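Visitor: Could you take me in for a close look at a single part of this protein? I'd like one connected tour, please.

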Amino acid sequence: MGFAVTETQRTLVENVRRFVRTEIIPLEHELDPDESELSAPVLAGLVAKTKQMGLYNLDVPEELGGVGADTVTRTLLAMEMSQHRAGLYSPCYGAFGQPDMAQLYEATDEQKERYLFPILRGEKRSFFALTEPAGGSDPARAIETRAKRDGSDWIINGNKTFISGADTADFGLVFARTGDQGSGRDGITCFIVDADTPGLTVRRVIHTLRSGHYPTELVFEDVRVPAEAVLGEIGQGFSMATERLTKNRIPYSAGCLGVAMMAHRMAVEYAGTRSVFGSKLAEHEGIQWMLVDSEIELRSAAALTLDAAERADSGRPFRTEVAIAKIVATETAGRVVDRAIQIHGGYGVTKDLPLERWYRELRIRRIGEGSTETQKMIVSRDMLKGRYTSWIDR
């Protein structure tokens with residue numbers, strides 16, 4: 001474990017940090033505390049600036065017109081982009097590009113023209129429909145949505161739940177079982193489904209701790225799609241889904257640490273200025289220990305997250321490292337923000353500060369993208385099946 005941040009990466013971090021502090025945070029002073037979107041003209045102005053910075057579509061390969069940032073660089077920048085009120089789920093409000101649906105990189109040329117390139121240009125929105133009511137932590141066996149052939153078409157029937165953005169999307173990637181129920185991972189296929197396809201409806205919006213965007217529940221009733229809607233190979237959709245989820249947990253973890261870092265910085269500053277019982281909060285040993293605990297945990301979590309990113313870039317197996325990073329980052333961020341609220345006292349739970357929003361949203365992060373318990377199962381499975389090596393030998 002261990003690497004050095006390059007001068008190029010350091011410069012990029014400084015540029016993004018400056019952008020967040022001078023362009024994003026001032027805007028939020030005029031927004032509702034739970035807002036997650038900007039008006040189209042304001043967002044367009046921000047996008048123009050990130051394009052001028054050469055940082056628009058960071059995750060997109062260069063051959064597709066993006067920056068092609070490596071995973072370590074993307075992780076460092078994710079920590080910076082999330083350091084504002086809406087930053088956990090709407091980092092910089094999409095000014096650096098919307099989620100790019102990396103699965104579409106392997107799409108046919110026709111699919112790229114119709115779906116991928118409009119996404120990259122910011123003209124379309126998408127959703128990712130994997131989770132079902134039967135279970136989200138074990139999708140390989142829980143998927144009951146079925147797709148059956150009807151001539152050259154496919155007919156999809158089933159339900160999806162906790163699907164973000166489906167109520168405002170133009171299309172989505174829908175995972176359905178095309179093999180027998182007992183076929184597990186090898187019986188799932190990915191389909192590109194337009195949001196206005198007859199039979200696809202948003203049954204309801206699911207209200208959660210998040211105040212900006214809510215997930216949705218989808219119903220598929222005899223949804224007919226053509227053979228051209230299949231993305232990738234028939235029966236190989238689950239591997240496509242897990243590849244996205246595994247690697248995406250790295251910037252996901254980094255975003256959690258970003259808001260926790262800002263909360264910690266706020267706590268340190270407040271403790272140094274707030275007087276109580278005739279002295280500054282920072283002079284009280286109990287407060288000092290809280291701040292030290294947060295500092296230690298943040299450094300440890302950041303190191304583990306960057307270690308996972310470095311392994312992903314090196315081409316080595318990184319599933320275990322990502323699972324560990326996701327556990328530690330999400331759990332740490334929740335504790336750090338909780339301490340920051342405690343140090344701020346009554347002000348910490350008001351909407352005058354972003355702490356209460358981060359507190360609510362971070363609770364979801366311990367479940368989203370694979371719960372803490374699921375990640376522990378991944379780590380234990382690798383350890384007990386002989387795939388474990390001490391970190392010092394890696």
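Guide: Sure. Keep in mind that this is a predicted model. Let's begin at a turn: strands E2 and E3 make a hairpin with 2 residues between them, and glycine 151 in that turn has a positive phi of about 70°. The two strands, E2 at residues 146–150 and E3 at residues 153–164, run antiparallel and are joined by 5 bridges. If you want a landmark on this pairing, find alanine 147, which sits opposite isoleucine 156 in E3.

E3 also has a partner in strand E7 (residues 215–225): 8 bridges join them, again antiparallel. Here, serine 164 faces proline 215 of E7. As a rule, side chains in a regular strand alternate between the two faces of the sheet.

Now for a helix, H3, which spans residues 71–81 and holds methionine 79. At its start, a side-chain oxygen of aspartate 70 comes to within 3.1 Å of the backbone nitrogen of valine 72. H3 is largely enclosed by the rest of the structure, because 11 of its 11 residues are buried. Its cover includes helix H1 (7–28), helix H6 (237–273) and helix H7 (285–314).

Methionine 79 itself is buried, with a relative accessible area of 6%. Leaving out residues up to four places away in sequence, methionine 79 touches Ala254, Leu257, Gly258, Met261, Ala302 and Leu306. For a sense of distance, the C-alpha atoms of methionine 79 and glycine 199 are separated by 40 Å, with the two positions 120 residues apart along the chain counted as their spacing.

Conventions:
Residues are numbered from 1 along each chain as its sequence is written. This is a predicted model: local features need pLDDT of at least 70, side-chain atom pairs count only at pLDDT 80 or more; totals for chains, interfaces and linings use all residues. Side-chain values use heavy atoms; hydrogens and water are left out. Helices (H or I, at least four residues) and strands (E, at least two) are DSSP runs, numbered from the N terminus. Buried means under 20% relative accessible area, exposed over 50%, partly exposed in between (1.4 Å probe, protein chains only). Contact means heavy atoms within 4.5 Å. A polar contact is a pair of N or O atoms within 3.5 Å; within protein, one must be able to donate a hydrogen and the other to accept it, and residues adjacent in sequence count only if both atoms are side-chain atoms. Two strands pair if DSSP finds at least two bridges between them.
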